[in-house]
Amino acid sequence: MSSIIIKHFFHPDSSTISYLIYDLISLKAAIIDSALDYESNSGNITFDFANSQIEFIKQHKLTLTWILETHAHADHLSAAYYLKSQLGGKIAIGKYITQAQQTFKDIFALNDAEISVSGKEFDQLLSHDDTLFIGDTAIKVIETPGHTRDSVTYLIEDNAFIGDTLFMPDSGSARCDFPGGAASELYQSIKQLYELPDNTKLWMCHDYQPNGRELQFQTTVAESKQSNIHITDDVTLDSFVTVRQTRDNKLAVPRLLYPALQVNIKGGELPQASDHQPVFFKIPVHILKAEDQND
Ligand SMILES: [Fe+2]
């Protein structure tokens, strides 16, 4: 019988579902995909959401062992660094985060002191088939690129925490138009997930509650194979890529893309204030000509 408990925390501002998974025997815990509270108009960052997880961990006398990212998110700021500063634990992410670091080092014109391209801001870089542990419970790493190159799934018993690969069946799949993303790779990653046993639970990183329906964040391999609006089991690579690219062409840039990436490629570390000087996020400016806008 399983000794793990899965508790979800919903972050409404970014529609993120963060998971706390803990082992009842060892009381060791992992958090997957944490979030800071960031108000972009004022630049205010607060810690209420992460603090609610910290409070739960303290109440239940848990030890936070792992702070895991499914990928470098573009829609919310990770609280990994903050959680580690409060509770300890190791921050881990897929090893191809180094590619995202290089890409965004260039985009933000960061210097070598501001960002490595070696992933050293993280405690551990993960490869396909790596195994981590919370107590005696194994967390198997499955590389699932496509949405981003660094994307991984964490498989704990029959629970797959899939990040942004699939959404709930009525919502389809994640966009593939970020640097390092590729619809054809996402197809292969989803097919890999569809090879898991049918009763495997798929836990979403986001749910945007289409048409105002109630929050849903867990489906199964069988349900997704049967009814996902972008990719049932019989959808071909070509048709998935066409659907995905058509949709991606219509999607707006995520509201928090630039602040989020500046923090998330550093494991959630915030810009450092020195000598009481203010700190800033950078926003690249693109001056478009009329013909660019008509593309
Ligand atoms: Fe994402």
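Reader: In this predicted model, which residues of α7 are buried?

Author: Helix α7 spans residues 257-264 and is mostly covered, with 8 of its 8 residues buried. Buried here means under 20% relative accessible area. The residues concerned are Leu257, Tyr258, Pro259, Ala260, Leu261, Gln262, Val263 and Asn264.

Reader: What covers the buried residues of α7?

Author: The question concerns a helix in which 8 of 8 residues are buried. Elements that supply this cover include the strand β4 (37-39) and the helix α3 (97-107).

Reader: Where is aspartate 37 placed, and is this residue buried or exposed?

Author: Aspartate 37 belongs to strand β4. Its relative accessibility is 17%, and the limit for a buried residue is under 20%. Aspartate 37 in strand β4 therefore counts as buried.

Reader: Which side chain makes a polar contact with the side chain of aspartate 37?

Author: Aspartate 37 touches His11, Asn44, Ile45, Thr46, Phe47, Asp48 and Phe49, leaving aside residues up to four places away in sequence. Its side chain reaches the backbone nitrogen of aspartate 48 at 2.9 Å. The side-chain partner, at 3.0 Å, is histidine 11.

Reader: What distance separates the C-alpha atoms of aspartate 37 and phenylalanine 49?

Author: Phenylalanine 49 is one of the residues that aspartate 37 touches. The two residues are 12 residues apart along the chain, and their C-alpha atoms are separated by 6.7 Å.

Reader: Which residues are the protein donors of the iron ion?

Author: The donors follow the spacing H-x75-H-x16-D along the chain. They lie 2.1 to 2.3 Å from the iron ion. Two donate through NE2 and one through OD, namely His71 (NE2), His147 (NE2) and Asp164 (OD).

Reader: How many residues apart in sequence are the parts that histidine 71 and histidine 147 tie together?

Author: Both histidines are donors of the iron ion. Histidine 71 lies in the loop between β6 (63-68) and α2 (80-87), while histidine 147 lies in the loop between β10 (137-143) and β11 (152-156), so the pair ties together parts that are apart in sequence by 76 residues.

Reader: Are histidine 71 and histidine 147 buried or exposed?

Author: Histidine 71 has a relative accessible area of 1%. For histidine 147, the relative accessibility is 3%. Both values fall under 20%, so histidine 71 and histidine 147 are buried.

Reader: Which side chains make polar contacts with the side chain of histidine 71?

Author: Leaving aside residues up to four places away in sequence, histidine 71 touches Ile93, His147, Thr148, Asp150, Ser151 and Asp164. One polar contact, of 3.3 Å, joins its side chain to that of aspartate 164, which is also a donor of the iron ion. Another, of 3.0 Å, is made with the side chain of threonine 70.

Reader: Which residues lie nearest the centre of the largest pocket?

Author: The largest pocket holds about 550 Å³ of space. By class, its lining has 12 nonpolar, 9 polar and 8 charged residues. Of the 29 lining residues, those nearest the centre are Asp75, Phe167, Arg175, Tyr208 and Pro254.

Reader: What is the phi of aspartate 129?

Author: Aspartate 129 is placed in the loop between β8 (124-126) and β9 (131-134). At 45% relative accessibility, aspartate 129 counts as partly exposed. Although aspartate 129 is a residue other than glycine, its phi is positive, near 75°.

Reader: What is the phi of glutamate 157?

Author: Glutamate 157 is found in the loop between β11 and β12 (159-161). With 39% relative accessibility, glutamate 157 is partly exposed. This residue is not a glycine, yet its phi is positive, about 55°.

Technical notes: Residues numbered from 1 in each chain as written. Predicted model: local features only at pLDDT ≥ 70, side-chain atom pairs only at ≥ 80, totals over all residues. Heavy atoms only, no water. Donors = N, O, S within 2.8 Å, 3.2 Å for Na, K, Ca; no water. Helix = DSSP H or I, 4+ residues; strand = E, 2+ residues; numbered from the N terminus. Buried < 20%, exposed > 50% of the residue type's maximum accessible area, 1.4 Å probe, protein only. Contact = heavy atoms within 4.5 Å. Polar contact = N/O pair within 3.5 Å; in protein donor to acceptor, adjacent residues only side chain to side chain. 1 Å grid on protein atoms, 1.4 Å probe; cavity = no way out; pocket = protein on both sides within 12 Å on 5 of 7 lines; lining within 4 Å. Points joined across faces, edges and corners; volume = space filled by probe spheres on them. Nonpolar A, V, L, I, M, F, W, Y, C, P; charged D, E, K, R; others polar.
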